[in-house]
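Ready for a few exercises in reading a two-chain model? Keep the structure open beside you and try each task before turning to its solution.

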Amino acid sequence: MKILVPVKRVIDYNVKARVKADGSGVDLTNVKMSMNPFDEIAVEEAIRLKEAGKAEEIVAVSIGVAQAQETIRTALAMGADRGILVQTDVAVEPLGVAKLLKAITEAEGADLVILGKQAIDDDSNQTGQMLAALLGWAQGTFASKLELGDGKVQVTREVDGGLETLTLTLPAVITTDLRLNEPRYASLPNIMKAKKKPIDTKSPEDFGVDIQPRLETVSVAEPPKRAGGVKVEDVAQLVDKLKNEARVI
Amino acid sequence: MSILVVAEHDNAALQPVTLAAVAAAKEIAAKGGGDIHLLVAGKDCGGAGEAAAKVDGVARVIVVDDAGLEHNLAEALAPAVVDLAGDYDYLLAPATTAGKNLMPRVAALLDVQQISDIMAVEAGDTFVRPIYAGNALATVKSTDAKKVITVRTTAFDAVAAEGGSAEVETRSGSYGQELSSFVGQELSKSERPELTSARVVISGGRGIGSAENFAILNGIADKLGAAIGASRAAVDAGYMPNDYQVGQTGKVVAPELYIAVGISGAIQHLAGMKDSKVIVAINKDEEAPIFQIADYGLVADLFKAVPALEEELNKVL
């Protein structure tokens, strides 16, 4: 089985995003960028499947600027076999990403695509579901557990009320949730090995896919600021303020 | 211009989140006129269809009742929505795990770029949505003829569940479950109010230390009629089940009062609760980032402060 793992280069999860003064977007100058945390979990899951002998090859794919190569290298250092970079400076939307991934999935003959459930920059939570629709495949979103069987995969999903378990026929698209696994750190030897693994660079035009955005960003603003708070001395003071000042109890 | 809202329901009644999604639909309708229809899909969902007909602002309810639609499997439900989509300019669903699972599949089948988690409607084609864990709000304009949208339900005041009298139309359809099938579920049972709609929420973090210790919050939750939430750290450590997680990728809450106990205040947690009206933080670390966002901060050992707070509340209220 071949597994495709799309990975996205995003703002590091420890960095609080700042909005540009001109309202045109978020300021990413000199900001630390990393692999989307949910995508790390996806890469880790694919590697565990390979280590369990259930997959032969893991291909990491990224769609974005040239530096996304570093993100693919991270996946290779964790254990993916090779990478594909679809290089573009266009901020490709989930629908466009899904269309590109469909073309790559079909070209590669992958049977499983594991994605992060959402990117922590755009927070759309759409790409995996869209890809599944375009491929006509089953989807197992927000997965916290995967069990690969014969022609099927059992997925436990984190849903609003608790947990739900589904059986999906293969081929399928899975999106990862936080508790699916804890991703490994790439060891130094593996980081060195990863430099020799191949990354194929392509462009969106190579796939004949229209990635023109459908949404226009009119403006980006900071959320309303909260008024500053105070420290209270003890619970008596706290309850007094909640009751008589804030009037919420 | 007309709007189809995909209702979330349990076959007998509508979930409150549906009423918030209808509220968003009303705002869209106000920007251009148009009828709001509610889709109630499932197996044996007639009861929910009747409840839907009473919702304020709904002109028509469409019930699609089919064995293949049991358990809300996206692979079956998306085609059912797409079969109806021809009549609508807008397709909405609440941004719950069900809505998030379903709508992008619908959008892709319709070749539409979905707009997720809207918090406001600026115009018929322009919406505000949170990005970067809610540290930025993007105003986006859609150029698609059809709009597929999920609604952040804490950003819209629910419409009334009674007062409407819509016509109920039953449409037939046959949807298969070849791609996926339901095996089972483990749902949390609680007498407490639902986390995303509770007026008061008290949440525990890693500082609580164990699953057993979470009981320390019960007295206050009882007294205030609060829902109980948890930080990611507490859920990862196994103190609470996943559906209690408040945060960027968990539940988004905006209660009147949010009490964060033993929660440090990571960016991702804040994303799920920073629109609360009043925020209280109890943490023994005075440098904890949560204090930057709290209206009232108490630097104290939670194991002393929480019982003391419970006692004080019982005295005063």
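## Exercise 1: A residue in a loop

Ala211(B) lies in the loop that links strand 12 (200-204) to helix 5 (218-224) of chain B. Bear in mind as you work that this is a predicted model.

**Task.** Decide whether Ala211(B) is buried, partly exposed or exposed, and find which residues it touches, leaving out those up to four places away in sequence.

**Solution.**
1. Begin with the count around Ala211(B): 13 other C-beta atoms lie within 10 Å.
2. A buried residue needs 20 or more such atoms and an exposed one has 12 or fewer, so a residue in between is partly exposed.
3. With its 13, Ala211(B) is therefore partly exposed.
4. Next, look for partners beyond four places in sequence: Ala211(B) touches Gly238(B) and Tyr239(B).
5. For a sense of scale, go to Ser2(B), 209 residues away along the chain; its C-alpha atom and that of Ala211(B) are 48 Å apart.

## Exercise 2: The sheet of chain B

**Task.** Work out the strand order of the seven-stranded open sheet in chain B, then say which strands stand at its edges.

**Solution.**
1. Trace the sheet from one side to the other: the order is 5-9-4-1-2-3-10, with parallel pairing.
2. Strand 5 (115-118) and strand 10 (167-171) of chain B each have a single partner strand, so one side of each has no neighbour in the sheet, and these two are the edges.
3. Check the twist: on average, neighbouring strands of this sheet are turned by 25 degrees against each other, direction ignored.
4. Zoom in on one pair. Strand 2 (residues 36-42) and strand 3 (residues 60-65) of chain B are joined in parallel by six bridges, and Leu38(B) stands opposite Val61(B) in strand 3.
5. Now add helix 3 (residues 74-85) of chain B, which packs on the sheet and touches strand 1 (3-6), strand 2, strand 3 and strand 4 (90-94), its direction making about 150 degrees with that of strand 2.
6. Finish with helix 4 (residues 97-109) of chain B, which lies across strand 1, strand 4 and strand 9 (147-151) and runs at about 170 degrees to strand 9.

## Exercise 3: Where the chains meet

**Task.** Describe the contact between chain A and chain B, first by its residues, then by its strands and helices.

**Solution.**
1. Take the totals: 65 residues of chain A are in contact with 71 residues of chain B. The chain B side divides into 36 nonpolar, 20 polar and 15 charged residues.
2. Look for strand pairing across the chains. Strand 12 (residues 215-221) of chain A runs antiparallel to strand 8 (residues 136-142) of chain B, with six bridges between them; Leu215(A) stands opposite Ser142(B).
3. Turn to the helices. Helix 6 (residues 235-245) of chain A packs against helix 9 (residues 302-316) of chain B at an angle of about 50 degrees, their axes 9 Å apart. That angle is why the pair counts as oblique.
4. Add the handedness: helix 6 of chain A passes helix 9 of chain B in a right-handed crossing.
5. Sort the residues of this helix contact: nine are nonpolar, none polar and two charged. Among those that meet are Leu238(A) and Val239(A) in helix 6 of chain A, and Leu309(B) and Leu313(B) in helix 9 of chain B.

Methods
Residues numbered from 1 in each chain as written. Chains lettered and ligands numbered in written order. Predicted model: local features only at pLDDT ≥ 70, side-chain atom pairs only at ≥ 80, totals over all residues. Contact = placed C-beta atoms within 7 Å. Nonpolar A, V, L, I, M, F, W, Y, C, P; charged D, E, K, R; others polar. Pairing = 2+ DSSP bridges. Helix = DSSP H or I, 4+ residues; strand = E, 2+ residues; numbered from the N terminus. Axes fitted to C-alpha atoms, helices over the stretch in contact; angles between N-to-C directions. Parallel < 35°, antiparallel > 145°, perpendicular 65-115°, else oblique. Left-handed = near helix turned anticlockwise from the far one by under 90°.
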